[in-house]
2 protein chains.
Amino acid sequence: MIIYDNNVTGCLEQLIASMSPDRVFILTDTNSQWFVYPRLMESAGSLLRDAKTITVKSGDMNKNIDQLTDVWRYLCREGATRNSLLINLGGGMVCDLGGFAAATFKRGIRFINVPTTLLAAVDASSGGKTGINLDSYKNEVGAFRNPDAVVISTVFFSTLPDYELMSGYAEMLKHAILEGDEALNSILEDVPSKENISSDGFLEVVRRSVEIKVSVVEQDPCEKGLRRVLNLGHTAGHAFETFALKTGRAFLSHGHAVALGICVELILSRMLLDFDSERMYAVVEFVKEHYGPLHITCDDYQVLLGIMGHDKKNPSAGQISFTLMKSPGNPLPGIIVDSKDIEAAMDIYRDMFGI
Amino acid sequence: MIIYDNNVTGCLEQLIASMSPDRVFILTDTNSQWFVYPRLMESAGSLLRDAKTITVKSGDMNKNIDQLTDVWRYLCREGATRNSLLINLGGGMVCDLGGFAAATFKRGIRFINVPTTLLAAVDASSGGKTGINLDSYKNEVGAFRNPDAVVISTVFFSTLPDYELMSGYAEMLKHAILEGDEALNSILEDVPSKENISSDGFLEVVRRSVEIKVSVVEQDPCEKGLRRVLNLGHTAGHAFETFALKTGRAFLSHGHAVALGICVELILSRMLLDFDSERMYAVVEFVKEHYGPLHITCDDYQVLLGIMGHDKKNPSAGQISFTLMKSPGNPLPGIIVDSKDIEAAMDIYRDMFGI
C-alpha cells in the first residue's frame, strides 16, 4: 500500500491504529533525527510519541552488518515481537537497512517506509528490495520483502541539498525513459526548483514516477526477468559509484552515478539497438548540464569492467548484462554486452562530456 | 523437493546436473568436514569434486553473525552469482546458517540441504526456517525460505554419538504425538539401535516423521497459525535449553530439552485440556528412561518464565503461549497459559522425575 499524502503524521497515526501493533519502533539516521524527526513529532499524538526510536549513523557506507546488528539487538532488547511494527524514517539507507532488519528479525515483522529524500521516495521505499552492503559491494546481502505501507510526501524535501534532489531526479529520468517519449519530455523540461519541490503539484509528479516502477515490480517481484528493466543506468552507474568510492576520486551521489550510467547505456543502445540519436543526445546534454561528468581515463576501464562483472544481476560469472533501450518505452533487459563494446561506449561517453 | 535416498553422492550429482548452476559451493562445519565429507567424496564425480568448500566452526554457539558474515564474504570473494548453488552438508546448525546465507546472499540463491544428523533430517533440513542466533537468543534472526531440494539419508547416522541420535528422536516423538495414537505407540516402542540406524528400514521411519512435519508446513509456511503446532515441546524446551546454556548447569542437547519440554507441556495439556493421564505417563516414563531430567528448583522458575516470555511465537509481549494437546493427534496451538499454571506444571514435572 503506497500512500501519497503531505500530512505524514496523520497518516502514520491512522496506520498504526489500524495495524494495532504491540510495540512501535522508529528507525532514523543521524540526519533524519536532526532535520526530519522533530517535524514529524510536532503534531504527533500518543501513538507516535510512545514509539521507541533507534538512530543509526547516516551514509551509505554505514549500511553495513554492524549497524544491522545494532538494530537487531535493539529490537531484541526492547522486547519487539512478531506483532511489533518498525517505521523507517529516512533516506534509502534507512529504508534498505530497516527493511532488511524487519524482514529478518524473528523471521519477519511488519514495517512502514517513510522516505524523506526524493531518491528514497521514487526508488528505495517501494518495490520490496531490502539489504545492506558487504564491505565495498553494494546491496550484496538482502531480501525481497514488501513494506506493509509506504507514506510518500514532499514535505521533507525542502531540507535537502540540491545534489540530493538531483540524485533522486536521476531515478525519475530513468522511469521516464522506461515509460516513453511523453514522460521523457516532461522530465527533461520540468526540473523542479527549490520553490515548488515541496508542493502538492510535485507530489503528483513523484506519484507518476513511482507508479511506473510499481507497475513493473508487481509483474516480477523477485527480479526473475522483467524487473531487470529497472536496472537501466545501473550496471554502468553502480560501477561509477563503486569506482568513485574506492578511488576517492570524487564524491558521486547514487543518482549522479545513475545519470552517467544512463548516458553510457543509451550510447550502447544507440550502438547495438539503433536507439534514436537525437533522443540520446538530449539525455546526455541534460545530464551534462545538471550533473556533470566523472573523470575517467582508458586506464580505468579494466577496473570498471571488473566491478560490472560482479553485478548480482548478471546471469553468470564473468558475463556483463545491461538493460538497453530500443526506444523510449521499449526496454530490453538482460542484454549481454562484450567488453569491447562497453569500452567503445565509454570512449564515446568521454568524448561527449569532453574529458 | 525432498528425496529419501541412501545414495547421497549420486543424488547430488543428478541434482546439480539438472539445476546447472554456474558455480557450486559446499558448506560444512568442522565435524562434517571430518566425519562426513570424505565419505561423500569417495565416489564423487567432477560435479561435486569441482565444488568449492566453505567450512565453519561446529556447534550451535557458532550459529552466529560472525560465521554468517564469513559465509557471505566467501561467496562474494569466490564470485558466487544468483545462478550459483549452495549445498549445506551438516546438522541443523549448517542447514540453518547456510539456508539463511543462501536466502539473503544477493537477495537469494538456490540451496540444497543434506542433513547428516537425525535431528537435522527430521527437523531443520525441511520446512523453510532458516536463521542464526543473536547473542543468547536462539534463531532470533532469519528468513522463511524453502531449500530447492533436501536429500535425506541414514548413511551418516552411524557416525553420531547416542545423545545426538536421541536428540533427533525427540522431534520424531513430537511428530508422532501430533499425528495420533498409532504413530505414538510405534515411536515409544521402536527406539532405533546402533545396528539398524543406518538401514533402509529406518529411512522409512524417518520419511514418515518428515512427512508429518511437511504436511503441516505446507498448509502454513510462514507460521501464521497452524504451523505453530510444531512448537509442541518447544516453549518449555527452548527455555530449558537456554537456561542450561546460560547457567552452565548441564549439557542439554536440543532434543533432550524438547523431550523435557514435551513432558511439561503434556502435563499442562492434562491440567487444562484433559489430556489422557495414561498417555501422559507413558511419554514421561519414556523420557525418564531415555533422556533423564534437567535439575531445576523452584528458585529457577522466574528465569525460565522470563525466557519463555521472550519466545518469538508469543502473540504479544509478556504473554506465554503453548501448543497443547487435547489427545494424540489433536493439537491446539496458541494457548496462552498463566504463569501460575506453568509453575504448577513444573512442580509436577519435578515430582515425576523425582528431583
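A crossing is right-handed if the near helix is turned clockwise from the far one by less than a right angle. Keep that in mind, since handedness comes up for each helix pair today.

This is a predicted model. Its scores are ipTM 0.88 and pTM 0.90. Chain A has an average pLDDT of 94, and 99% of its residues score at least 70.

Start with chain B. Two helices matter here: α5, residues 65–77, and α6, residues 92–104. Their axes lie 10 Å apart, and the packing angle is about 50°. Which way do they cross? The crossing of α5(B) and α6(B) is right-handed. And how do we class the angle? Between 35 and 65 degrees counts as oblique, so α5(B) and α6(B) are oblique to each other.

Who touches whom? From α5(B) come B:Q67, B:L68, B:V71 and B:W72. From α6(B) come B:M93, B:L97, B:F100, B:A101 and B:T104. By class, that contact has 7 nonpolar residues, 2 polar and no charged.

Now chain A. Helix α5 again covers residues 65–77, and helix α6 covers 92–104. The axes come within 10 Å and cross at roughly 50°. That makes α5(A) oblique to α6(A). This crossing, too, is right-handed. On the α5(A) side, the contact uses A:Q67, A:L68, A:V71 and A:W72. They meet A:M93, A:L97, A:F100, A:A101 and A:T104 in α6(A). The split is 7 nonpolar, 2 polar and no charged.

Next, how do the two chains relate? A rotation of 180°, with 0.0 Å of shift along its axis, superposes chain A on chain B. The RMSD is 0.0 Å. That is the relation of a two-fold axis. What about the interface? Of the interface residues of chain A, 94% are also interface residues in chain B, so the copies meet through the same surface.

Last, a helix pair that spans the chains. α5(A) packs on α5(B) at an angle of about 145°, with the axes 12 Å apart. The handedness of this crossing is right-handed. Which residues make the contact? A:I65, A:T69 and A:W72 come from α5(A), and B:I65, B:T69 and B:W72 from α5(B). By class, they divide into 4 nonpolar, 2 polar and no charged.

One residue to look at on screen is the tryptophan. A:W72 meets α6(A) as part of the α5(A) contact. A:W72 is also in the contact between α5(A) and α5(B). In chain B, B:W72 is in the contact with α6(B), and B:W72 is in the contact across the chains as well.

Notes. Residues numbered from 1 in each chain as written. Chains lettered and ligands numbered in written order. Predicted model: local features only at pLDDT ≥ 70, side-chain atom pairs only at ≥ 80, totals over all residues. Heavy atoms only, no water. Axes fitted to C-alpha atoms, helices over the stretch in contact; angles between N-to-C directions. Helix = DSSP H or I, 4+ residues; strand = E, 2+ residues; numbered from the N terminus. Parallel < 35°, antiparallel > 145°, perpendicular 65-115°, else oblique. Contact = heavy atoms within 4.5 Å. Nonpolar A, V, L, I, M, F, W, Y, C, P; charged D, E, K, R; others polar. Least-squares fit on C-alpha atoms with pLDDT ≥ 70 in both. pLDDT = per-residue confidence, 0-100.
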